[in-house]
Every structure is written in structure tokens, then in C-alpha cells.
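Colleague: Could you walk me through this one? I'd like to start with the loop and then go on to the helix packing.

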Amino acid sequence: MDQTVDLEHEIARLIVATLHLEGVAPDQIDPAAPLFDEGLGLDSLDMLELSMAIEQKYGIKLRSDDPDNKTIFASLRSLTEHVHKNRRA
């Protein structure tokens with residue numbers, strides 16, 4: 001399996017575990033679907049919790065005032081791409 005696909009599955013599991021999404025299995029998260037609003041329905045507090053979990057697990061600092069947050073957190077796939085490009089080796 002491709003390293004990015006593995007990372008995508010790993011981040012999906014992190015989302016479900018961190019946000020305690022009951023009734024949502026990691027493999028049910030459509031990689032291209034929005035994480036917020038009509039997608040998973042996440043909100044700004046969820047983004048903050050998820051940012052802290054990503055920082056802890058991957059060493060990536062995600063700032064709340066980053067103008068790219070809307071793009072970074074647009075979908076599981078975009079979040080995975082950001083983590084893949086910026087994580088500690």
C-alpha cells in the first residue's frame with residue numbers, strides 16, 4: 001500500500017479517536033469529502049483538538065490564525081497531504 005494512503009488511514013483513525021466520533025469508522029471517512037459543515041460536521045473546537053493531536057503525533061505546528069487552514073482542513077486528503085509534506089522525519 002502507498003505510504004500516503006497508509007498515512008491517510010492513520011489520520012482518519014486519529015480524527016475518529018481524538019474527536020470521539022461515535023458511529024463513524026475511520027474507513028467511512030471519504031478522503032475527498034469536507035471535514036466541516038456538510039461533511040463530517042466538524043467545528044472550530046474540533047479543529048483545535050485535531051491540531052493539537054497532529055502536533056503531538058507528527059510534530060507539525062498548526063496555528064489557528066494560519067490563512068491556509070481552510071485549505072489544510074478542507075478534507076482528509078488535504079490534511080494528509082499537509083502532514084506528509086511537513087512532518088518530522
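Modeller: Sure, starting with His20, which is found in the loop between α1 (3-19) and α2 (44-58); helices here are DSSP runs of H or I, at least four residues, numbered from the N terminus. Mind that this is a predicted model, where local features need pLDDT of at least 70, side-chain atom pairs count only at pLDDT 80 or more, and totals for chains, interfaces and linings use all residues. Residues are numbered from 1 along each chain as its sequence is written, and side-chain values use heavy atoms, with hydrogens and water left out.

Colleague: Is His20 buried or exposed?

Modeller: Buried means under 20% relative accessible area, exposed over 50%, and partly exposed in between, using a 1.4 Å probe and protein chains only. The relative accessible area of His20 is 63%, so His20 is exposed.

Colleague: What is the phi of Asp37?

Modeller: Asp37 also sits in the loop between α1 and α2. Asp37 is not a glycine, yet its phi is positive, at about 55°.

Colleague: How are α1 and α2 oriented to each other?

Modeller: Their axes, lines fitted to C-alpha atoms over the stretch in contact, come within 10 Å and cross at roughly 130°. Angles run from 0 to 180 degrees between N-to-C directions; under 35 degrees is roughly parallel, over 145 roughly antiparallel, 65 to 115 roughly perpendicular and the rest oblique. So α1 and α2 are oblique.

Colleague: Which helices do the buried residues of α4 pack against?

Modeller: The buried residues of α4 (residues 76-86) include Leu76, Leu79 and Val83. Contact means heavy atoms within 4.5 Å, and the partners are α1, α2 and α3 (69-72).

How values were computed: Helix = DSSP H or I, 4+ residues; strand = E, 2+ residues; numbered from the N terminus.
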